[in-house]
Amino acid sequence: MSRINLCVLFGGASSEHEISLKSAASVLRGLDTEKYNIITVGITKQGDWFYLPSVTPDEVIGNLWQSCKKEPCTVSVSRSDRGIVSMASGKVLPVDVVFPVLHGENGEDGRIQGLFELAGIPCAGPGCLSCAVCMDKSVTKLIAATTGVRQADWVLVTDKNWSEKKVEEIENKFSYPVFIKPAGTGSSVGTAKANDRNGLIAGVEAALPFGGKVLVEEYINAREIETAALGNGEPEISVCGEVVASREFYSYESKYLDGTSKIVIPAELSPETSEKIRDYAKRIYMALGCRGLSRVDFFVDKTNGEIVFNEINTIPGFTDISMYAKLFAACGVEFTELLDRIIACALEE
């Protein structure tokens, strides 16, 4: 049986570029080279694409890949080509399926998925529309509301409506503290907790540059619980895991810089609460039209045990600290098998 031509994309013009490098190195190490002919493509922060015929995972994670042998490349949108085109030689590298190990804008927001849909090349993970609506947390909330699952109440701030009046609206709706998060980033980039008006103004103004849309959410004194979804149609949902943040909340710094936050798998929850969370995760995944994979995150209120939907990630991290693969490992699905199943879902679609 011939090997599958698998294109692994990493990097990207995104605030989460460095996280993508870490995820991609893990994926490249985990792939079964007996099954896949791996075509590695790196995307710079400026958005330039390069085919890397012999890059190693260590060169990717160490951000040395831009000094490796490389060829400028692009995607042919001609469906008769179905591949990556070297701009140096004009040669088409046939691609059977793409694994976009890209986080954040220009990778997880539907743009890459739409490009490969035009090219007629299957792409791992949710499609163009699902990625777009899941990336914009304000749109996610509107669709998730149709499932009947409770979610944190919010006020949407944009660079067009941000004013003293909007500050007053937020303060009339919520008491402090509140959480602030850009509507279109992941990995907790730009997220802040505000304990007073000055903190609110500073947090919103720091978050607005990340796409011009910001959610200000009610504070919930809660445990952070995550689940992993795998499959097309009705997905398989993993066990629940808990993130025990080393700081006030699970910030970018506590995830990736100081490395002191802890993960507990399975989460210490009652069987009833675990099953309810897993049911809610399936409902949300299906309502948002996801396929392939996603990670679905919840809060469990420490005062009354209420389950609250937080957010969904269509291309979750694959770093050595990331929850998605750890959750399925706890279900008996090791990393190489997990990658195989994600790729199989793309080929199935």
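How much space lies in the second largest cavity? I would like to start there this morning, and to say at once that what we are looking at is a predicted model. A search of the whole structure finds three cavities of 30 Å³ or more, and the second largest cavity holds about 90 Å³ of space. Ten residues line that second largest cavity, and those closest to its centre are C134, M135, T185, I312 and N313. If we ask which elements give two or more residues to this lining, they are helix 4, residues 128-135, and strand 17, residues 307-313, with strand 17 giving the most, at three residues. By class, the lining of the second largest cavity has three nonpolar, four polar and three charged residues.

Let me stay with helix 4 for a moment, since it leads on to a helix pair. Helix 4 and helix 5, which covers residues 137-144, have axes that come within 5 Å and cross at roughly 105°, and these two helices are therefore roughly perpendicular to each other. On the helix 4 side the contact is made by V133, C134 and M135, and on the helix 5 side by K137, V139, T140 and I143. C134 and M135 thus appear in this contact and also among the residues closest to the centre of the second largest cavity. The contact of helix 4 with helix 5 is made up of five nonpolar residues, one polar and one charged.

Now to the sheets, beginning with the one of seven strands. This is an open sheet with the order 6-5-4-3-2-1-7 and mixed pairing. Its edges are strand 6, residues 92-94, and strand 7, residues 97-101, each of which has a single partner strand, so one side of each is left without a neighbour in the sheet. On average, and with direction ignored, neighbouring strands here are turned by 35° against each other. Within this sheet, strand 1, residues 4-11, pairs with strand 2, residues 36-43, in the parallel sense and over eight bridges; if you want a place to look on the screen, I4 stands opposite Y36 in strand 2. Helix 11 packs on the sheet and touches strand 1, strand 2 and strand 7, its direction making about 125° with that of strand 7.

Helix 11, residues 335-348, also packs with helix 1, residues 17-30, at an angle of about 100° and with the axes 9 Å apart, which makes helix 1 roughly perpendicular to helix 11. Helix 1 brings S26, V27 and G30 to this contact, while helix 11 brings F335, T336 and L339. By class, the contact of helix 1 with helix 11 has three nonpolar residues, three polar and no charged ones.

The other sheet I want to show is an open one of four strands, in the order 8-11-9-10, and its pairing is antiparallel. Strand 8, residues 154-158, and strand 10, residues 192-194, are the edge strands, each pairing on one side only, and the average turn between neighbouring strands, direction ignored, is 25°. Strand 8 and strand 11, the latter at residues 213-218, run antiparallel and are joined by five bridges, and T158 is found opposite K213 in strand 11. Two helices lie across strands of this sheet. Helix 6, residues 164-173, lies across strand 8 and strand 11 and runs at about 170° to strand 8, whereas helix 7, residues 197-207, lies across strand 8, strand 9, strand 10 and strand 11 and runs at about 15° to strand 9.

Finally, some details of the backbone that you may wish to inspect for yourselves. Y176 and P177 are joined by a cis peptide bond with omega of about 5°, and P177 sits in the loop between helix 6 and strand 9. Another cis peptide bond joins I265 and P266, with omega of about -5°, and P266 belongs to the loop between strand 15, residues 262-264, and helix 9, residues 271-287. R82, although it is not a glycine, has a positive phi of about 50°, and R82 is placed in the loop between strand 4, residues 71-75, and strand 5, residues 83-86.

Technical notes. Residues numbered from 1 in each chain as written. Predicted model: local features only at pLDDT ≥ 70, side-chain atom pairs only at ≥ 80, totals over all residues. Heavy atoms only, no water. 1 Å grid on protein atoms, 1.4 Å probe; cavity = no way out; pocket = protein on both sides within 12 Å on 5 of 7 lines; lining within 4 Å. Points joined across faces, edges and corners; volume = space filled by probe spheres on them. Nonpolar A, V, L, I, M, F, W, Y, C, P; charged D, E, K, R; others polar. Pairing = 2+ DSSP bridges. Axes fitted to C-alpha atoms, helices over the stretch in contact; angles between N-to-C directions. Contact = heavy atoms within 4.5 Å. Parallel < 35°, antiparallel > 145°, perpendicular 65-115°, else oblique.
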